[in-house]
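Student: Please take a close look at the pocket in this structure and describe the residues that line it. I would then like the account to continue outward into the surrounding chain, in one connected answer.

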Amino acid sequence: IHPTNPTPAEGSGTLIAGVTDDFDGQTRSGLTPVDIGADAGNFVAQPNMMYVSSTVTQNTTINVSSNTMNNEVIGIQVVTSGSFNPLQITSFSINTNGTTALSDIANAKLYYTGASPVFTTSGQFGSTVASPTASFNITGTQTLSSGTNYFWLTYDVLCSAVPGNAIDAECTSLTVGSPQT
């Protein structure tokens, strides 16, 4: 533990009545008596995770065919700072502005790839939204990492989709909850 670097040990322990000295014989009452571990001190507390920003990116590099699944439509980047008491994201509000015909879309799904900016379908956030309407919500619970977190909205396109129609989306809001404790 360094006296100027933030540490989760600062003030996160449990006070035990009758323990007046720490491991190296210092009187705990003059220090932070509820530090984690046997060596109390007046260290710098680690800051809680904070929401910094979010950005939506448009996928413009693919032509979508009918009867296809998990077509990446938009990416959503959620940026945090700090890592102590991580935040959880619980909801995304989406609209389908720019979509030619909602009847072309079978399902909407949201995937989470953590700190990786590479799209993959290995970690779905929330449940699949069947036949999404003009506006819909995807809810779930995902603990965020410090830094940039990547989410990806995909559509499954029906075999009856009309060639030349467009699919699109906007993320109009998201909900970042209280720190996980």
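Tutor: In sorting the residues of a lining, Ala, Val, Leu, Ile, Met, Phe, Trp, Tyr, Cys and Pro count as nonpolar, Asp, Glu, Lys and Arg as charged, and the others, Gly among them, as polar. By that division, the lining of the largest pocket has nine nonpolar residues, eight polar and two charged. The model is a predicted one, and the values below are computed from it. The volume of the largest pocket is about 310 Å³. Its lining comprises 19 residues, and those nearest the centre are Asn63, Val64, Asn165, Ala166 and Ile167.

Asparagine 63 is a suitable starting point. This residue belongs to the loop between β1 and β2. With a relative accessible area of 80%, asparagine 63 is exposed, because the value is over 50%. Its C-alpha lies 9.4 Å from that of glycine 164, although 101 residues separate the two in sequence.

The loop that holds asparagine 63 runs between β1 (50-58) and β2 (68-81), and asparagine 67 lies in it as well. Asparagine 67 is likewise exposed, at a relative accessible area of 58%. Its backbone deserves attention: phi is positive, about 60°, although the residue is not a glycine. Most residues other than glycine have a negative phi. A second asparagine, at position 85, has a positive phi of about 55° and is not a glycine either. Asparagine 85 is found in the loop between β2 and β3 (87-95). Asparagine 85 has a relative accessibility of 19% and therefore counts as buried, the limit being under 20%. Of these two asparagines, then, asparagine 67 is exposed, whereas asparagine 85 is buried.

Between those two loops runs strand β2, which contains threonine 80. Threonine 80 is buried, with 5% relative accessibility. Its side chain reaches the backbone oxygen of serine 145 at a distance of 2.7 Å. Leaving aside residues up to four places away in sequence, threonine 80 touches Met49, Met50 and Val52 on one stretch of the chain, and Leu144, Ser145, Ser146, Gly147 and Asn149 on another.

Strand β3 offers a comparable case in asparagine 95. Asparagine 95 is buried at a relative accessible area of 9%. The side chain of asparagine 95 reaches a backbone nitrogen, that of asparagine 97, at 3.1 Å. Beyond residues up to four places away, its contacts are Ala134, Ser135, Tyr155, Asp168, Ala169, Glu170 and Thr172.

Tyr155, one of the contacts of asparagine 95, is touched by phenylalanine 136 too. Phenylalanine 136 lies in strand β6, which spans residues 135-143, and is buried at 7% relative accessibility. Apart from residues up to four places away in sequence, the other residues that phenylalanine 136 touches are Phe92, Ser93, Ile94, Thr96, Ala108 and Val129. One of these partners, threonine 96, is 40 residues away along the chain, with 8.6 Å between the two C-alpha atoms.

Threonine 121 presents a contrast in accessibility. Its place is the loop between β4 (105-114) and β5 (124-130). At a relative accessible area of 38%, threonine 121 is partly exposed, because the value falls between the limits of 20% and 50%. Outside the residues up to four places away, threonine 121 touches Asn70 and Tyr111. A distance of 9.3 Å separates its C-alpha from that of threonine 154, which is 33 residues away along the chain.

Two cysteines complete the local description. Cysteine 159 is exposed, at 59% relative accessibility, whereas cysteine 171 is buried, at 17%. The search for disulfides covered the whole structure and found zero.

These details belong to a chain with zero helices and eight strands. Of the contacts with a separation of 6 or more, 73% join residues 24 or more positions apart. Buried residues account for 35% of the 181 residues in the chain.

Note on methods: Residues are numbered from 1 along each chain as its sequence is written. This is a predicted model: local features need pLDDT of at least 70, side-chain atom pairs count only at pLDDT 80 or more; totals for chains, interfaces and linings use all residues. Side-chain values use heavy atoms; hydrogens and water are left out. Helices (H or I, at least four residues) and strands (E, at least two) are DSSP runs, numbered from the N terminus. Buried means under 20% relative accessible area, exposed over 50%, partly exposed in between (1.4 Å probe, protein chains only). A disulfide is a pair of cysteine sulfur atoms within 2.5 Å. A polar contact is a pair of N or O atoms within 3.5 Å; within protein, one must be able to donate a hydrogen and the other to accept it, and residues adjacent in sequence count only if both atoms are side-chain atoms. Contact means heavy atoms within 4.5 Å. On a 1 Å grid over the protein atoms alone, a cavity is a set of points where a 1.4 Å probe fits but cannot get out, and a pocket is an open set with protein on both sides within 12 Å along at least five of seven lines; lining residues have an atom within 4 Å of a point. Grid points are joined across faces, edges and corners, and a volume is the space filled by probe spheres set on the points.
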